[in-house]
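Colleague: Could you take me through the strands in the inner part of this structure, one by one, and then show me what lies around them? I'm still new to this, so please go slowly and keep it plain.

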Amino acid sequence: MKRWMIVLGLSAVLGALPVGAQETVIGFFDGPPNGDSGTGALPVTGWALADSGVKRVTLQVDGEDISQFVYGRPRPLVTDLYPGFPDSPGPGFGLFMNTTDFTNGRHRVTAKVLTNAGNEVILDGIHSINFVNNTSILAPFGKIDFPQRNADLYGDCDGNSQDLDPRIPVTGWALDLGVETGDAGIAWTELLLDGSILYSTRIDCTFATGLGLHNCYGFPRLDVERSYPFAKDAPTAGFRFLLDVGALIQAGWVRGFHTLTIRSGDLSTQTANVDEIPVNFWCFGDRPGDPASAGVLGFIESPREGRQYSVDGNILFQGWAVARGTVSSVEIWVDGDFFGNAAYGVDSRPGVISSFPGWPNVNRPVWRLELPASSFAEGFRQVEVIVVDTQGERTLIGERTFFVNTRVD
């Protein structure tokens, strides 16, 4: 009876099952909200559960099937409230919809669930969304993947580094949509430091033995293609710049806080700062330790930014780190409190090997620690990962924010 009471309480989010169907189907079409407006790549999300399991969820626009949602995403609160369904551990669905495929104006957007028993349900009725697209507002968009926000970046300020290249990769992706012929696509990408252009793919893209292509746009990004299959440059949306912190400090840039910005232009006349992050510049030997071995780089893979966790589950803290010397420990701090050392050297990352050839521990740079979500208070929490090398050098490689939900059924 408990499940049926819940279903009756949420009747507003249910669609109509075929006559005679004996199956419970519940769900909610999150957004965009009814009456909202959408431009360019529009995120569309929701969740759904069925007694027999969800076979697929289809995006519909004006009654026509457009594409299939990615189904199986975590939704901790839904999992807590509705246990026992086949897909309870991962009831979420989502995708990016290309609104430029449609005329400007109001359109009916719906999510259709097909269960394994063959029943079809339209979730939460119909959402009326106003699509608004023109060349002047369709600017490039993207993200800086590495380094992460507030990372400490080291450079060879004395020119004494002979064994390992001191330059640091700045990587990510950029895309552009358009509504006119010949408009869609990235024409160039630039790396800016505190608002000043350091490198432009239009004039600085080059190849060097051991370093490959750098200061270039057009690197394969299959993950971006999966999220934005309709974008022209999605399969090769990646950019890669090399940042020489030591040379910049020698040229007059100060130690300490700086801002890295990626700016892109499309094939028309639109430009945009697609992402911007704060970082800190240091020289090898600025902190206690051996100047020859100082310098750590790393990345937080999990938790993802903004990810929600149920209080009765676990949180995986995972990423990678390399040091010019040797990594001694990887510390996990949350909201300023120390929660333990992650195991180091537990796995490999081919991309790290290719980016940092010759660095110690590069073949197995992955660190990992799993903790109960109940270890943390409810709400938004911030994790900081600090890598310590054998010389005692402590380096913040990045920060992430996640959410702990203590509500249970």
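Modeller: Let's start with strand β22, residues 296-302, where six of the seven residues are buried. Keep in mind that this is a predicted model. The partner to look for is strand β24, residues 314-323: six bridges join β22 to β24, and the two run antiparallel. To see the pairing for yourself, find Val296, which stands opposite Ala323 in β24.

Now for the core. The largest nonpolar core has 30 residues. Leu153, Leu243, Leu260, Phe281, Leu297, Val322 and Phe356 are the ones with the most contacts inside this core. Strand β21, residues 271-283, gives the largest share of the core, five residues. Apart from this core lies another one, of 23 residues, with Val330, Ile332, Ala373 and Ile397 among them.

Leu153 is a good place to stand and look around. Leaving out residues up to four places away in sequence, Leu153 touches Pro147, Ile168, Leu243, Val245 and Leu260, among others. Its contacts also include Val279, Asn280, Phe281, Trp282 and Leu297.

Leu243 takes us to strand β19, residues 238-243, where six of six residues are buried. Try looking at one face at a time. Gly238, Arg240 and Leu242 are on one side, Phe239, Phe241 and Leu243 are on the other, and all of them are buried. So which strands pair with β19? One is strand β13, residues 168-175, joined to β19 by six bridges and running antiparallel to it. Strand β18, residues 216-219, is also antiparallel to β19, with three bridges between them. Click on Arg240 and you can follow both pairings: the bridge partner of Thr171 is Arg240, and Cys216 stands opposite Arg240 as well.

Next up is β14, which covers residues 186-193. Why call β14 largely enclosed by the rest of the structure? Seven of its eight residues are buried, so the label fits. Being buried here means having under 20% relative accessible area. Seven bridges tie β14 to strand β20, residues 256-266, and these two run antiparallel. Another four bridges join β14 to β15, again antiparallel. Leu191 shows both pairings: its bridge partner in β20 is Ile262, while in β15 its bridge partner is Tyr199.

Stay with β14 and β15 for a moment, as they form a hairpin with two residues between them. One residue in that turn, Asp194, has a positive phi of about 50 degrees. Gly195 is also in the loop between these strands. Is Gly195 buried or exposed? Its relative accessible area is 58%, and the cut-off for exposed is over 50%, so Gly195 counts as exposed. Gly195 and Thr261 are 66 residues apart in sequence, yet their C-alpha atoms are 7.3 Å apart in space.

Some loops have backbone features worth a look too. Most residues other than glycine have a negative phi, and most peptide bonds are trans. Asp62 has a phi near 55 degrees, a positive value, and it is found in the loop between β4 and β5. With 31% relative accessibility, Asp62 counts as partly exposed. Asn150, in the loop between β11 and β12, has a positive phi of about 65 degrees. At 21% relative accessibility, Asn150 is partly exposed. Pro147 is in the loop between β11 and β12 too, and the peptide bond from Phe146 to Pro147 is cis, with omega near 0 degrees. Another cis peptide bond joins Gly31 and Pro32, with omega at about 15 degrees, and Pro32 is in the loop between β1 and β2.

Last stop: a pocket. The second largest one has a volume of about 310 Å³. It is lined by 15 residues, and the closest to its centre are Lys143, Arg149, Glu305, Glu399 and Arg400. The lining divides into four nonpolar, four polar and seven charged residues. You'll recognise a strand here: β21 supplies at least two residues of the lining, and so do β11 and β29.

Methods. Residues are numbered from 1 along each chain as its sequence is written. This is a predicted model: local features need pLDDT of at least 70, side-chain atom pairs count only at pLDDT 80 or more; totals for chains, interfaces and linings use all residues. Side-chain values use heavy atoms; hydrogens and water are left out. A nonpolar core is a set of buried Ala, Val, Leu, Ile, Met, Phe, Trp, Tyr and Cys residues joined through side-chain atoms within 4.5 Å. Buried means under 20% relative accessible area, exposed over 50%, partly exposed in between (1.4 Å probe, protein chains only). Contact means heavy atoms within 4.5 Å. On a 1 Å grid over the protein atoms alone, a cavity is a set of points where a 1.4 Å probe fits but cannot get out, and a pocket is an open set with protein on both sides within 12 Å along at least five of seven lines; lining residues have an atom within 4 Å of a point. Grid points are joined across faces, edges and corners, and a volume is the space filled by probe spheres set on the points. Ala, Val, Leu, Ile, Met, Phe, Trp, Tyr, Cys and Pro count as nonpolar, Asp, Glu, Lys and Arg as charged, and the others, Gly among them, as polar. Two strands pair if DSSP finds at least two bridges between them.
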